[in-house]
Amino acid sequence: MRLIRERDRRAMTGVPRSTWYALMAEGAAPKPVQLGLRSVAWIEDEIEAWMQELETRRDSGQGASSKRD
């Protein structure tokens, strides 16, 4: 398991920080793990699975919106 920080998460997904946190609040994006008082990271496998789910939804014609449907 590999942990990635915000910069890497943003580079992988292309989703800005504020948008990502809004998605997390909706339950539509993976949440980070707490590393310290002011330090978080994401589990890389969870980010990759989230991106795969978006691709699957796109390919099946469901669109990119997740739990709002």
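How are α1 and α2 oriented relative to each other: roughly parallel, roughly antiparallel, roughly perpendicular or oblique? In this predicted model, the two helices pack at an angle of about 90°, with 11 Å between their axes. Angles of 65 to 115 degrees count as roughly perpendicular, so that is the label for α1 and α2. On the α1 side, the residues that meet α2 are Glu6, Arg9, Arg10 and Thr13; their counterparts in α2 are Arg17, Trp20 and Tyr21.

Some context on the chain helps here. The protein chain contains three helices and three strands, and read from the N terminus the order is β-α-α-β-β-α. Of its 69 residues, 29% are buried. The accessible surface adds up to about 4900 Å², and carbon and sulfur atoms hold 50% of that. As for contacts between residues at least 6 apart in sequence, 44% of them link residues at least 24 apart.

Back to α1, which spans residues 6–13. Its buried residues are Glu6, Arg9 and Thr13. Looking down the helix axis, these buried residues sit within an arc of 60°, so they line one face of α1. Glu6, Arg9 and Thr13 also turn up among the residues that meet α2. The cover over the buried residues of α1 is not just a matter of α2, though: it includes β1 (3–4), α2 (17–26), β3 (39–43) and α3 (44–59). On the face turned away from the buried side, α1 carries Arg7 and Ala11, both exposed. Right after the helix comes Gly14, with a positive phi, near 75°.

That leaves the strand pairing. Strand β2 covers residues 33–36 and runs antiparallel to β3, with three bridges joining the two. One of the residues involved is Gln34, whose bridge partner in β3 is Val40. Two residues lie between β2 and β3, and the pair forms a hairpin. β3 thus has two roles in this account: it is bridged to β2, and it is part of what covers the buried residues of α1.

Conventions. Residues numbered from 1 in each chain as written. Predicted model: local features only at pLDDT ≥ 70, side-chain atom pairs only at ≥ 80, totals over all residues. Heavy atoms only, no water. Buried < 20%, exposed > 50% of the residue type's maximum accessible area, 1.4 Å probe, protein only. Helix = DSSP H or I, 4+ residues; strand = E, 2+ residues; numbered from the N terminus. Arc of directions from axis to C-beta. Contact = heavy atoms within 4.5 Å. Pairing = 2+ DSSP bridges. Areas by Shrake-Rupley, 256 points an atom, 1.4 Å probe, with all protein chains shown as cover. Axes fitted to C-alpha atoms, helices over the stretch in contact; angles between N-to-C directions. Parallel < 35°, antiparallel > 145°, perpendicular 65-115°, else oblique.
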